[in-house]
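Visitor: Could you take me through one part of this model up close? I'd like a single strand and whatever it pairs with.

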Amino acid sequence: MITPLYAQSLLREGAVMAAVAVALIGLPWFLTAIGGYSELATPIVLWGIFALGFDILIGFTGLLSFGHAAFWGLGSYAAGLMLLRVTDGFIPAVLVGTLVGAVASLLLGYLTLRRRGIYFSILTLAFAEMFYYAALSPLQQWTGGDNGLTGIPPADLCGIAMKGEAIYYVIAVTAFIGIYVARRIMRSPYGLILRAIKSNETRVASTGIDTRRYKLMAFVISGVYAGLAGSLSAVYQTYVPTDALHWTTSGQVVMMAVIGGVGTLFGPMIGAGIVLYLANVLSGVTAQWLLIQGLIFMGFVIFLPGGVVDAGRRLALLLSRRPAPTDKRAAGTVSVHPAQAE
Amino acid sequence: MNLANLSLQLLTGLQIGAIYVMIALGLTLIFGTLGVVNFAHGALFMIGAYLGYAISEATGHWVAFIVVPVLLFVIGIAIERVLIRFFYNRPAVDQILVTFGLALVLQELMRWIFGGTNLPYGTPDWAIVPVDIGIGYYPPWRLVIVGVTIAVVGALYLFLRFTRFGLVVRAGMRDPEMLGYLGIDVPKRFTFVFGLGALLAGIAGVIGGPITGVTPDIGMAVLVPSFLVVVIGGMGSLPGAVLSGLLLGEAVSLSVLIYPPSTQIIIYLVAAVVLLWRPRGLLGARGVME
Amino acid sequence: MTNRKPPLSLPLSRRAILRGSLAAGAGIGALSLGGPPLVFARNAWAENYPAIGNFPIKGSTVKFGFTVPLTGAYADEGNDELKAYKLAVRHINEGGGILSTLKPMSLKGNGILGKKVEYVSGDNQTKPDPARENARRMIERDGIIMFSGGSSSAVAVALQYLAQEKGVIFMVGLSHSNDTTGKDRRRYGFREFFDAYMSGQALGPILAKEYGKDRRAFHLTADYTWGHTQYESMKDATEKQSWHTVKNIMTPLGTKDFSQYLTAVLNTDADVLVLNHYGADMVNSLTQAVRFGMRDKQVNGKQMQIVVPLYSRLMAKGAGPKNIEGILGTVNWNEKLTDPGSKAFVKAFQDEYKEPPSQAAQTAYLQTILYANAVERAGTFYPPEVIKALEGFEYEGFGPGKSTYRAEDHQVFKDIYVVRGKAPSKMANQFDLLEIVAQVPRSQVEYDPKMMGGELGPYIPNKT
């Protein structure tokens with residue numbers, strides 16, 4: 001039965017997704033307008049998908065993993081190797097890459113989630129670094145070593161070559177679906193449990209819930225997103241660098257999540273845009289762009305831990321002079337148009 | 001592979017481990033007392049190396065060895081006062097993030113000031129000619145590093161065991177809250193300990209610089225293995241840091257003989273195995289961040 | 001072939017209107033995401049070339065893109081390359097430098113085909129991924145017609161693939177790996193710098209002459225494409241001289257502390273240490289090897305020696321004259337050469353930057369001029385024609401003798417140099433670090449292109 005409240009929330013959801021669609025379509029044009037270049041939109045959305053999944057882990061479940069580059073990188077290599085050696089079909093390559101991300105995160109999650117806190121974080125880092133160094137040297141035959149995986153042919157989707165505009169739209173559609181799925185997950189009872197675990201795991205465990213299982217599921221979901229994004233990246237770049245497995249890649253997604261705003265799903269995607277814009281456009285202007293990026297990151301951690309999204313919300317509050325909304329509406333329900341948040 | 005060869009390789013492992021140990025000592029001291037995971041520790045090492053180069057170029061090595069640790073002590077205190085102390089009550093994740101950001105900023109700052117290329121930080125002249133130690137020729141400076149590390153570990157032990165301040169620090173590592181109830185000025189102690197940790201990193205930097213080279217990215221390069229050393233040894237355990245530092249140093253050195261491509265991977269492998277088998281580390285206290 | 005106006009030049013002719021609307025449609029298409037080439041811009045006249053990459057040029061200036069490492073293991077060379085690029089652009093626009101010595105020279109010192117050259121640059125951090133992003137940004141946003149740079153072979157290879165994909169010519173900067181014009185050769189990539197095989201062939205006989213034929217060599221090799229090819233080439237060349245290869249250990253790029261590897265070397269009966277390292281790696285490994293007493297050690301009744309197959313003056317500076325004294329290696333070019341082209345380049349560089357250029361600078365400079373020259377000769381910027389102009393191009397007037405850009409693999413062949421580190425007492429000034437031991441003729445280092453494998457690929461990209 002559709003009650004007025006239900007209809008209202010459906011409408012809201014529809015409006016949010018419509019805004020997302022508009023943002024995704026308009027992003028390339030927007031980038032050109034602010035001194036970037038339209039092709040930058042593709043890596044931004046790719047990293048946005050990665051950061052989205054990562055937010056489920058850090059923003060909602062409260063787990064800081066420094067090893068997610070492993071799933072992004074493994075997904076990239078798997079998809080790249082598929083295209084290089086097996087078939088140039090787009091779907092099989094991406095499917096295999098995502099699957100590899102899923103399996104790897106299941107394995108790694110099972111091992112690392114036995115510990116908590118800083119030990120968990122360091123364990124994720126240790127395992128990811130193992131993959132990186134393995135790809136660099138012993139497995140060179142497969143991964144191309146320091147060269148990376150070169151000469152990947154363009155993937156083929158129903159006869160259309162996946163590059164340029166075509167691939168951007170495919171990736172944008174994937175991102176759209178990804179956002180929708182993520183929002184559904186987070187607003188389900190499952191998402192509620194995850195958020196409860198973040199705020200007080202002991203209490204949740206005392207109600208009889210197997211928190212480890214839920215944490216593992218969250219870990220795997222974020223691994224799937226990472227693997228998916230990594231595979232798409234391999235298709236887009238027609239190249240896989242070994243850096244894809246390096247801890248700096250993990251560090252980059254952490255920065256995106258924090259700058260954008262953890263626990264908001266959209267925040268990390270905005271963060272992806274900001275970080276990549278700085279990396280690609282600012283780097284042409286000054287040699288100190290990394291310093292600026294680091295300072296901005298620190299600034300957010302110190303003063304605006306809620307990220308850009310939180311800053312935007314506070315600004316909106318200030319401007320509208322309405323009483324603050326209750327916390328229930330805080331996480332996961334933000335519908336900020338990405339362009340407005342700047 | 002005769003005994004002399006093996007001994008040489010073991011000695012190299014000792015010397016590799018020595019640098020890890022020095023950095024790990026500061027890390028574990030800070031964590032054990034303040035509960036802060038200091039991702040910027042590698043950057044402090046890097047600053048120590050840069051200052052070591054700059055000062056030794058200007059006034060010679062001995063001056064640098066004395067001045068640099070003192071400078072790092074001051075820098076450490078400044079960082080604690082200006083930044084770290086606001087994060088004691090924030091979640092651990094935020095501490096990691098802010099020190100991670102600090103590390104990046106410090107790294108880029110040094111790159112801006114000194115440039116990205118390697119600065120030729122040389123050892124004192126008497127340390128350039130290799131010495132015959134019976135089992136072969138060895139660079140004397142690396143022996144100095146081992147010696148200094150032993151001296152520092154010894155001095156730290158004596159300080160913690162036999163001074164009042166050391167007593168307070170050890171108590172603080174066990175139970176900082178209780179310490180506050182006893183009327184001890186905890187914030188001041190915290191500042192001092194952070195400075196002490198930075199001083200240790202400074203010593204590591206000024207004597208390790210000639211070996212690691214002086215570039216902005218050496219900070220992060222030594223941080224990850226040092227972190228593993230701390231975690232394997234047990235966070236907050238100083239003997240643990242020494243033990244695991246040696247263990248990892250030898251693992252790295254011996255892996256070259258057994259299977260060279262594994263040299264990079266071996267420390268992560270050891271870390272993963274130890275953490276899964278003994279989650280609190282080799283000598284760590286039970287219940288600490290389990 | 002030049003762009004000629006159509007026979008019917010009345011502004012409102014039917015054909016002109018048709019062409020105009022076609023162009024407008026193509027223009028609107030071009031406003032989208034820089035996607036596949038605008039095939040519909042091709043038209044009936046054969047003189048007008050289809051669009052490829054950023055051809056045709058819009059506007060009265062043409063842009064070059066330079067991606068160099070300003071941070072990372074090869075930052076020193078990167079800085080020098082950038083200086084050389086700037087100098088080359090100035091000479092193209094204003095004349096001077098090797099424009100007056102290189103033959104055949106079509107450039108007139110007023111730009112290329114009447115257009116002035118501008119440039120953009122980026123820091124590729126000695127890593128392939130940032131290098132590709134740099135290049136993509138310069139291609140898409142800045143509309144470059146050619147790009148150059150890269151100081152590591154991994155970067156060079158990654159950029160060559162990108163060049164082929166995008167249809168923008170890439171003039172390789174510093175890259176020594178056999179693979180760059182070997183198994184990873186690409187139609188849109190060109191390399192002037194010599195390769196590992198040539199180094200090996202040149203060094204082998206000289207090493208045998210200096211150190212004897214009965215030597216046991218231990219190799220420490222940078223673990224990436226260049227290191228591997230360098231090791232293989234050196235192994236081949238020395239084994240041809242009856243040397244024995246004891247062992248090879250791969251060291252990760254960017255290793256700071258080589259102690260565990262050096263100890264392993266000392267634990268064998270090797271009496272020569274070959275350092276297949278470059279840049280910061282070589283500075284560290286060489287310095288540490290000397291500290292470990294490798295120069296003074298006596299093994300098998302002989303003095304232990306160290307060989308650095310690929311040398312550069314910048315690396316020599318970083319390692320310090322005390323450490324490089326007497327060590328043999330090879331270089332692409334040396335600033336002490338006396339031919340008019342080298343002298344002109346060195347003088348121009350010295351006047352501008354107050355220090356002599358390195359071989360990285362030399363190849364960067366020469367590549368830029370060679371490209372510009374090829375365009376002027378071809379009479380168009382259309383990439384396939386420029387490529388054809390470069391393929392098989394024989395030139396002289398910079399460096400010794402005649403050099404050729406071989407068509408089958410886009411590699412330049414010329415004489416190369418074996419050098420030795422100078423004793424500090426013999427140095428004339430702080431830059432005088434290397435002395436030339438031998439000039440190895442090209443015939444001794446040439447090889448069959450099929451030996452390296454690889455395929456160049458098509459002239460028109462996007463045609464799989």
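Visitor: Why is strand β14 (residues 402-406) of chain C largely enclosed by the rest of the structure?

Guide: Quick housekeeping: this is a predicted model, where local features need pLDDT of at least 70, side-chain atom pairs count only at pLDDT 80 or more, and totals for chains, interfaces and linings use all residues; pLDDT is the predictor's confidence in each residue, from 0 to 100. Residues are numbered from 1 along each chain as its sequence is written, chains are lettered from A and ligands numbered from 1 in the order in which they are written, and side-chain values use heavy atoms, with hydrogens and water left out.

Now, β14(C) is largely enclosed because 4 of its 5 residues are buried (under 20% relative accessible area, 1.4 Å probe, protein chains only). A strand here is a DSSP run of E, at least two residues, numbered from the N terminus, and two strands pair if DSSP finds at least two bridges between them.

On one side of the story, β14(C) runs antiparallel to strand β13 (residues 394-396) of chain C, joined by 3 bridges. One of the matches puts K402(C) opposite E396(C) as its bridge partner. The hairpin linking β13(C) and β14(C) has 5 residues between the strands, and G397(C) takes a positive phi near 110° there.

Then comes strand β15 (residues 411-413) of chain C, which also pairs with β14(C) in the antiparallel sense, over 3 bridges. Here Y405(C) has V412(C) in β15(C) as its bridge partner. This hairpin, of β14(C) and β15(C), has 4 residues between the strands, with H410(C) taking a positive phi near 60°.

How values were computed. Buried < 20%, exposed > 50% of the residue type's maximum accessible area, 1.4 Å probe, protein only.
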